[in-house]
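Q: Here's a structure I haven't met before. Could you walk me through some of the labels people put on it, and show me how each one is justified?

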Amino acid sequence: MPIDATLPYDDQNIFAKILRGEIPCKKVFEDDWALAFHDINPQAPTHVLVIPKGAYVSWDDFSATASDAEIAGFVRAVGQVSRALGLVEPGYRLLANIGMDSHQEVPHLHVHIFGGKPLGPMLMR
Ligand code: AMP
């Protein structure tokens with residue numbers, strides 16, 4: 001079910017539980033600002049999610065209300081993870097879904113990193 005990204009943060013969402021260590025994840029990276037882990041239902045040979053440590057519903061919430069340090073830390077983490085996964089030379093795709101029309105399902109900001117094969121043009125159906 002897509003979520004309404006204008007609602008307040010729900011601290012019972014699944015990524016909040018992962019951040020608190022209440023449910024496991026296949027972690028690939030963690031620092032003060034971000035956690036990265038493999039998507040449970042990968043859509044490409046490499047499909048990693050990067051989430052900020054702070055409680056932000058979406059990119060909209062994060063870009064409007066996070067501190068400069070949080071934003072810099074998170075953006076740098078996405079780049080660092082992508083480099084560590086060896087994706088720069090072959091190329092990769094970033095995606096952040098925001099709200100109903102995008103079909104965002106988890107109400108904690110996450111950036112998808114897709115790679116590991118030619119991904120083709122981005123298609124809107
Ligand atoms: P979105 O539609 O952008 O909200 O994407 C949510 C993503 O979270 C989907 O790709 C799911 O496969 C993924 N996901 C949901 N639960 C988990 C989990 N426990 N661990 C890893 N990935 C998950």
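A: Sure, starting with the naming: helices (H or I, at least four residues) and strands (E, at least two) are DSSP runs, numbered from the N terminus. This is a predicted model, where local features need pLDDT of at least 70, side-chain atom pairs count only at pLDDT 80 or more, and totals for chains, interfaces and linings use all residues. Residues are numbered from 1 along each chain as its sequence is written, and side-chain values use heavy atoms, leaving out hydrogens and water.

Q: Where is isoleucine 51, and what makes it count as buried?
A: Isoleucine 51 sits in strand S3. Buried means under 20% relative accessible area, exposed over 50%, and partly exposed in between (1.4 Å probe, protein chains only). Isoleucine 51 has 0%, so it is buried.

Q: Which residues does isoleucine 51 contact, leaving aside neighbours within four places in sequence?
A: Contact means heavy atoms within 4.5 Å. On that rule isoleucine 51 touches Phe15, Leu19, Trp33, Ala34, Leu35, Phe37, Phe74, His108, Leu109 and His110. Take leucine 19: it is 32 residues from isoleucine 51 along the chain, yet their C-alpha atoms are separated by 9.0 Å.

Q: How do you know that threonine 46 is buried?
A: Its relative accessible area is 17%, and the limit for buried is under 20%, so the label fits. Threonine 46 is found in strand S3 (residues 46-52). Not counting residues up to four places away in sequence, it touches Leu85, Leu87, Ile113, Phe114, Gly115 and Gly116.

Q: And why is valine 88 called exposed?
A: Valine 88 has 52% relative accessibility, so it passes the exposed mark, which is over 50%. You'll find valine 88 in the loop between helix H3 (68-84) and S4. Outside its neighbours within four places in sequence, its contacts are Ser82 and Arg83.

Q: What makes phenylalanine 15 and phenylalanine 37 an edge-to-face pair?
A: A search of the whole structure finds three aromatic pairs. The rings of phenylalanine 15 and phenylalanine 37 have centres 5.4 Å apart and planes at 75°, so this pair is edge-to-face. The rule: rings of Phe, Tyr and Trp (its six-membered ring) pair if their centres lie within 6.5 Å, with planes under 30 degrees apart stacked, over 60 edge-to-face and the rest tilted. Phenylalanine 15 is in helix H1 (residues 14-19) and phenylalanine 37 in strand S2 (residues 34-38), so the pair ties together parts 22 residues apart in sequence. Both of these phenylalanines are buried.

Q: Why do tyrosine 56 and phenylalanine 62 get the edge-to-face label?
A: Their ring centres are 5.1 Å apart and their planes are at 75°, so they qualify too. Tyrosine 56 is buried at 10% relative accessible area, and phenylalanine 62 is buried at 2%. Tyr56, Phe62 and Phe74 form one aromatic cluster.

Q: How do you know that strands S1 and S2 pair?
A: Pairing takes at least two DSSP bridges between two strands. Three bridges join strand S1 (residues 27-30) to S2, so they pair, running antiparallel. In one of these bridges, phenylalanine 29 has alanine 36 in S2 as its partner. S1 and S2 form a hairpin with three residues between them.

Q: What makes isoleucine 98 count as partly exposed?
A: Its relative accessible area is 38%, and partly exposed runs between the 20% and 50% limits, so the name holds. Isoleucine 98 lies in the loop between strand S4 (93-95) and strand S5 (111-115).
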